[in-house]
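Colleague: Could you take me through this one, pair by pair and then interface by interface, with the reasoning spelled out as you go?

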Amino acid sequence: MVLFDVPGKLNMTGQIRFVLDGEVRELRGVAPTMTVLQWLRDDARRCGTKEGCAEGDCGACTVAIGERRGVDDMRYRAVNSCILFMPMLDGKELVTVESLKHEGRLHPVQRAMVECHGSQCGFCTPGFVMSLFTLYHSGKEPQRETVDDVLAGNLCRCTGYRPIIEAAQRMREYGAKDQFHRRAAATARQLAAIERRDTLALEKDGQRYFAPANLEEFTACFEQYPEAALVGGATDIGLWVTKRHQRPETQIYTGDIAELRRLKIGDDCIEIGGAASLGDVFDALLAEFADFGEILRRFGSVQVRNVATLGGNIANASPIGDIAPLLLALDAALLLRRNRETRLLPIDEFFLAYRKTALRNSEFIDAIRIPRARSGLKFRAYKISKRFDQDISAVCGAFALQLDGSRIAEIRMGFGGMAAVPKRAANAEAALIGEAWNEASARAAMRAIERDFEPMTDMRASAPYRLKLARNLLLKFFLETSNQPGATRVIRRDMAA
Amino acid sequence: MAPYIGTATSRVDGLAKVTGTAKYAAEYNAPGLAHASMVGATIAKGRITRIDTTAALRVDGVITVLTHENRPPLADNDQAYNDDVAPEGTPFRPLYDGRIIFNGQPIALVVANTLEAARFAASLVRADYLTEPHVTDIHTKRDRGLAVKDPITPLDALFAPPKQRGAPGPALDGADVRHDGEYYVPIEHHNPMEPFASTAVVESDGRLTIYDKTQGVQNVQRYLCSVLGLKQDDVRVISTFVGGAFGVGLRPQFQAVLAALAARALGRSVRVVLTRQQMYVLGYRPAMIQRIVVGANANGTLNAITHDAVTVTSQHENYYRQETGWSGLLYSCANAKYAHRLAKLDLPTACDMRGPSAATGVYALECAMDELAAALKIDPVELRLRCYSDRDQHDNRPYSSKALRECYHQGAEAFGWHTRNPEPRAMRDGSELVGWGMASGVWDAFQAAITVRIRLSANGHAEVACATSDIGTGTATVMTQVAADMLGLPLDSVSVLLGDSTLPASPVEGGSWIAASVSNGIAATADAIRKELLRLAALMPDSSLSGTEADDVGLVDGMLVSRRDNARAVSIADAMRHSAVDQIEREITTNPIEDAARAHNTHSAVFAEVKVDEQLGVIRVTRVVSAIAAGRIVNTKTATSQILGGVVWGIGMALHEETAIDHRFGRVMNANFAEYHVPVHADVHNIKVIFVDEADDSNPLGIKGVGEIGIVGVAAAIANAVHHATGKRVRDLPITLDKLLGKPS
């Protein structure tokens, strides 16, 4: 069997390189699906990092990934090591809880956790320490809301969280700079020295892994292996491995391809590369559509958003994914590519049936194009779930309205959790076009929604509840966009249209 | 005398935990360690007709696959599988035979050189079954429950419903106001953050050392010896750090048997780690259907209460606690009656989970009291004060101490309860409805026999040893504080050994009894050390302490000091050196003081504020005040954290937690953290913990324990607050938003 039958510059050293505790580590013979957690605990015998769930839900396995920011600075992001594959570390710095103590002294984050009694049984503690470490390095003020965001992906069953929140708010009292600040330039130089410009190709036990460094090599690779699993953040594929014990024969990693991680804010549209992480695009989408940011804030956890991609969430075609409803409402289009051929497809033509999309063989999502917010656009998105953070939606609804004087010129409503695919509410939209935007028309559209969907009952919500939610979300949208007084949000947001 | 007891001492193991150096059961290594992965049954009831391990055995690195067909010998009688906290019945026997009694039951163990190979190969094991019909839904069996038997032993009496008192029937008929309600709590799972794990190390002499996740190392050791037919000396169980357990580690769990079996079969060290999913086939809090009828006089005094419960257990064991008894205990009421039946389902056996029986039973009682208060138009706190009882209602005896009244007063004051508008839906914050609710809580103040060994060295260092676990509650820290005070030493001169079956005997750590038991055990052992020191001191020439009675001296700052005249003092080191003694060692067993004439309980008053989005029904618990009466608080930092944790458990119980079973397969559907919802940061807002002063002389240190009391009453306070906010009475937990829809009840 020819293992690597791919044109282009293949890096056949079979080696991955990353920085750990100030030293470049070079590993050979790593299985493409070996998780970072597994390597840490079994091979490196660094057992501080824990496995609590093996699917990115609990954060006990949180480590920090350091990446170069410019020539002489570093940035650190929290990730779940239980579903991160070892080859994805190539070219990065890995920081674990064992890395923090320095010259015999506790790191400020660790001191704060001890003093505030942020640890009881201690099992979740290393994960919390690492999430707080990334907050410490982010430079952000530890406001309560920020702390909630940063720690949303870390579960604790003992402390009741308050001592940990206090530790987050006080950690800088124990020192404003740490050894990572002091050696940032040196680390950045180390990373620059191991940066790869070719396609990493690994093989172990019949599993192949490619990490192309540019779009051209990626397309060549995907042409050659159309059955390959495209891996961005592995927040889904990681679970194939840890839960279903599958071993994808071929994986192509998209995280090193700068073109696919692009973010272009044009005059007409925002173009987001298919492999851009949710973390990469968060700020831009928040600035353009406040509610897009609000939904992203509740999308998974920081650890998940730091690696999960927008393209992955769409291509996955989950009926309960939270991105598609927003894109449906915003009239987004997908730029699909196969080698050099591209086509532009409105997103409401992308989802064909349950988990079935319009993607053809070797075709992938090159970019997502979201029209810029025109003046007068009223856009709102709502996620209803049992638990506010870190939960799968019962229903996600997004609404975009353009008025022409007092009449409705355009309205789009995208829903998740209401059908086998993310879907627009065609009847409700039709009921509103050309009408005045008032409570009577909103209520008529609410009735029409019942003809748009036949949701199912499952353990997240019953069918009648889902239908009721869909109707009431439309009412809420009306209330919020028609200068009705009063707050309509659990979390306050800027009410300006 | 007590520079450390009662202070906010930081935990002694904090440094190990924040640096990741604290080692848990799955982190011990041994030469040639093999990794094992468990395979679970995919049916709920029946028999394995064929088990095919050939594909698994073909995976590179797989060493063996153990099944019921090829396992080493296991004991063949029920008695051998009993343990310290086993309920009556026939305990489950892992890999014993082909019989399947619950879905997920271990049917094979794949042992390999790497964890990856073991887990992958485990997915290739195939079993064929002869299935039998199963029942896993409490509702289908609610009317066919097995009545809890009349108690025979004192232990039975602790768990069986109390005897009826008075004549509840006629009393209810004559009540001015009567409330009759049915309440439901679903199955919940403990979900400690650390997965269950055992590393069985084969020592060079062939003995086994099991690093286990458990709340009782000696319980596991005795169990493994009897199940595997080994001598006591052949097995040592160690559990230094436990990543949370909350009751599910009280009984020995099957991963310990599997690890030991495989290690015995291979003569090689083996580690078994359960996945998060597999932990849902360990124990659970039993689902509970309960009906409470309360009758009251118009003036707000109770005249009758009846409490009927149906709880879940397995077909093979009858697990129950005194779920209904709390109702007749808490308030002054002349007539009371209880009934408790068991719905025997094709599931694993239920087990203790934080505040077992009280978290669920008191939830129903305290919701019923709130409904009664509304019917009587009496403020909920006022109603509880009118029904206040200074005597244990079951046995008509006084309490050793009961400062619940102070809990009501201080809690209400801190919460601002007096400004509450009693009308439902009357309080608002913008478009959100605001609700205030409260509830009482109660738990037992147990103490158990325990043995403590102290070794005091002439260099001023003390080693305190006891086999108890520290499941994260702070036991090691409390032991250090108490020993330091009792021996007059600084904290860092005391080291603690625990979680090792070779140490002096301890009961399992649970029920909130360890803090009182081990602290008083340390005090008693320290007393013996002090007496020996005094004897040595009196031997010194011209000793200023000669002729002094033991009770008249204390240990302070490394000195033996007369309590009457602190000028009369002898240094510990001098006294020991004079007699050429390097070390004094005492090992003392301390039994609880017999005090059956009084009741021993902890109490709480919980106040909760919720805000409910009127259109969507989204609920937030924005404020909780928990006022606790629990005797002397040894460490305000660890105790506060116990209560905070308990309150957050109560939030989970009220709003989130529910194990969903697909009854077609008898299998848990939400066996993961994504869909079994435990509270997250954003769910937790302001929580204030108040410890009211409560002097208690049941034991020398006046300690009662705080591990359970924090959760009791919280779900009821929140449910009552939701009713106050919305006018809707949701009587089945969790209160999810869909249940809030519809017209006010």
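Colleague: Which glutamate does Arg620(B) meet in a salt bridge, and how far apart are the N and O atoms?
Modeller: In this predicted model, Arg620(B) sits in strand S30 of chain B, while its partner belongs to strand S21, 188 residues apart along the chain. Both residues of the pair are buried. The partner is Glu432(B), with an N to O distance of 3.0 Å.

Colleague: Is Glu371(B), which meets Arg729(B) in a salt bridge, buried or exposed?
Modeller: The bridge between Glu371(B) and Arg729(B) has an N to O distance of 3.9 Å, and it links helix H9 of chain B to the loop between helix H16 and helix H17, 358 residues apart. Arg729(B) has 10% relative accessibility and therefore counts as buried. Glu371(B) also has a value of 10%, and because the cut-off for this class is under 20%, Glu371(B) is buried.

Colleague: How does Arg197(A), in its salt bridge with Glu195(A), count by relative accessibility?
Modeller: The side chains of Arg197(A) and Glu195(A) meet at 3.6 Å, N to O. Glu195(A) has a relative accessible area of 36%, so it is partly exposed. For Arg197(A) the relative accessibility is 61%, and since the class above that of Glu195(A) starts over 50%, Arg197(A) counts as exposed.

Colleague: Which residue is joined to the side chain of Glu463(B) by a polar contact of 3.4 Å?
Modeller: Glu463(B) lies in strand S23 of chain B, and because its relative accessibility is 18% it counts as buried. Leaving out residues up to four places away in sequence, Glu463(B) touches Arg453(B), Ile454(B), Arg455(B), Ser495(B) and Leu497(B). Of these, the polar contact between side chains is with Arg453(B).

Colleague: Which helix gives the most residues to the largest nonpolar core?
Modeller: That core has 154 residues, and those touching the most other members are Tyr363(B), Leu372(B), Phe607(B), Val610(B), Ile718(B) and Ile735(B). The largest contribution, 12 residues, comes from helix H9 (residues 358-376) of chain B.

Colleague: How many residues of helix H8 of chain A are buried, and which residue caps its N-terminal end?
Modeller: Helix H8(A), residues 215-224, is mostly covered, with 7 of its 10 residues buried, among them Leu215(A), Phe218(A) and Phe222(A). The cover over the buried residues includes strands S7, S8, S9, S10, S13 and S17 of chain A. At the N-terminal end, a side-chain oxygen lies 3.2 Å from the backbone nitrogen of Glu216(A), and the residue that supplies this oxygen is Asn214(A).

Colleague: About how much area do chain A and chain B bury between them?
Modeller: The contact involves 73 residues of chain A and 77 residues of chain B. Across this interface the rule finds 6 salt bridges, including the one between Lys50(A) and Glu27(B), whose closest N and O atoms are 2.7 Å apart. With 57% of the buried area on carbon and sulfur atoms, the total is about 6500 Å².

Colleague: Which helix gives the most to the side of chain A that touches chain B?
Modeller: There are 32 residue pairs in polar contact across the interface, both residues being at pLDDT 80 or more. Helices of chain A that each supply at least two residues to this side include H1, H3 and H17. By class, the side has 32 nonpolar, 18 polar and 23 charged residues. The top contributor, with 7 residues, is H17(A).

How values were computed:
Residues are numbered from 1 along each chain as its sequence is written. Chains are lettered from A and ligands numbered from 1 in the order in which they are written. This is a predicted model: local features need pLDDT of at least 70, side-chain atom pairs count only at pLDDT 80 or more; totals for chains, interfaces and linings use all residues. Side-chain values use heavy atoms; hydrogens and water are left out. A nonpolar core is a set of buried Ala, Val, Leu, Ile, Met, Phe, Trp, Tyr and Cys residues joined through side-chain atoms within 4.5 Å. Buried means under 20% relative accessible area, exposed over 50%, partly exposed in between (1.4 Å probe, protein chains only). Helices (H or I, at least four residues) and strands (E, at least two) are DSSP runs, numbered from the N terminus. Contact means heavy atoms within 4.5 Å. Buried area is the accessible area (1.4 Å probe) that two parts lose on being put together, summed over both. A salt bridge is a side-chain nitrogen of Lys or Arg within 4 Å of a carboxyl oxygen of Asp or Glu. A polar contact is a pair of N or O atoms within 3.5 Å; within protein, one must be able to donate a hydrogen and the other to accept it, and residues adjacent in sequence count only if both atoms are side-chain atoms. Ala, Val, Leu, Ile, Met, Phe, Trp, Tyr, Cys and Pro count as nonpolar, Asp, Glu, Lys and Arg as charged, and the others, Gly among them, as polar.
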